[in-house]
Amino acid sequence: MKTLFLLRHAKSDWKDATLPDFERPLNGRGLKAAPLIGRYLRRRKIQPDLILSSPAERARQTTALVMEAASITAELRYDERIYEASASRLLEIISQIEESANVVLLVGHNPGLSELLAGLTGETQNLPTAALAKLNLEIDKWNKVRERNGRLEWLVKPKELVRS
């Protein structure tokens with residue numbers, strides 16, 4: 001079995017209309033939410049073998065803040081294919097992960113991530129910014145990943161962690 005975590009980037013800043021979408025940084029709320037998710041991962045003793053992230057600025061910042069707060073030392077790869085990727089494109093990226101990685105964290109964007117979650121699990125869930133989902137995939141090799149061969153174990157949102 002393989003484990004896939006889906007993390008949508010934290011809330012981004014729309015103040016500077018001159019910035020291209022790719023370069024938008026996190027806003028204040030995003031800068032607080034990403035470490036919350038990281039601390040959640042640390043408390044649950046979750047250590048991915050590999051992190052694949054969109055190279056967009058907001059995803060880079062989210063990834064860095066989560067890794068720092070969770071004390072994650074896994075290999076981090078930025079993959080430009082993740083930016084603006086559809087669910088089918090994300091599925092293709094996942095299918096190319098090396099077999100030595102059993103637990104993978106994918107950091108990206110909506111609508112692709114929410115559509116991927118629905119395709120893999122059959123569950124329609126909205127992934128708000130900085131939401132983290134844990135999927136258990138009924139596969140032994142990443143290249144066997146297909147629609148409906150996963151199960152959503154849990155989904156956590158930053159606002160739920162603030163209350164806890």
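**Charges and rings in a predicted fold**

Asp79 and Arg81 join their side chains in a salt bridge, with 2.7 Å from N to O. Keep in mind that this is a predicted model. The two partners sit in different classes of accessibility: Asp79 is buried because its relative accessible area is 14%, under the 20% cut-off, while Arg81, at 25%, counts as partly exposed.

How many salt bridges does the structure hold? There are eight. Side chains of opposite charge can pair when their charged atoms come close. A little before Asp79 in the numbering, take a look at Glu75 and Arg77, whose side chains meet in a salt bridge at 2.8 Å, N to O. Glu75 is partly exposed, with 43% relative accessibility, and Arg77 is partly exposed too, with 29%.

Now for a helix. Arg89 and Glu92 form another salt bridge, and their closest N and O atoms are 3.1 Å apart. Both belong to helix 3, which covers residues 87–95, and they're three residues apart, or about one turn of that helix. Arg89 is partly exposed, its relative accessible area being 30%, and Glu92 is partly exposed at 33%.

Salt bridges also link up into a network, and this one involves Asp21, Arg24 and Arg58. Arg24 has another contact worth a look: its charged end sits over the ring of Trp14, 3.5 Å from the ring centre. Arg60 does something similar with Tyr78, its charged end lying over that ring at 3.8 Å from the centre.

That brings us to the rings themselves. Searching the whole structure turns up three aromatic pairs. One of them is Phe22 with Tyr83, an edge-to-face pair with 4.9 Å between centres and 90° between planes. This pair links distant parts of the chain, 61 residues apart: Phe22 is in the loop between strand 1 (2–8) and helix 1 (28–43), and Tyr83 is in the loop between strand 3 (75–78) and helix 3. Phe22 is partly exposed, at 32% relative accessible area, whereas Tyr83 is buried, at 18%.

Tyr40 and Trp154 make another edge-to-face pair, 5.4 Å centre to centre with 80° between the planes. Which parts does this pair tie together? Tyr40 lies in helix 1 and Trp154 in strand 6 (residues 150–156), so the pair connects parts that are 114 residues apart in sequence. Tyr40 is buried, with a relative accessible area of 12%, and Trp154 is buried as well, also at 12%. Ring pairs bring in Phe5 too, giving a cluster of Phe5, Tyr40 and Trp154.

Conventions: Residues numbered from 1 in each chain as written. Predicted model: local features only at pLDDT ≥ 70, side-chain atom pairs only at ≥ 80, totals over all residues. Heavy atoms only, no water. Salt bridge = Lys/Arg side-chain N within 4 Å of Asp/Glu carboxyl O. Buried < 20%, exposed > 50% of the residue type's maximum accessible area, 1.4 Å probe, protein only. Helix = DSSP H or I, 4+ residues; strand = E, 2+ residues; numbered from the N terminus. Phe/Tyr/Trp six-rings, centres within 6.5 Å; stacked < 30°, edge-to-face > 60°. Lys NZ or Arg CZ within 6 Å of the ring centre and 35° of its normal.
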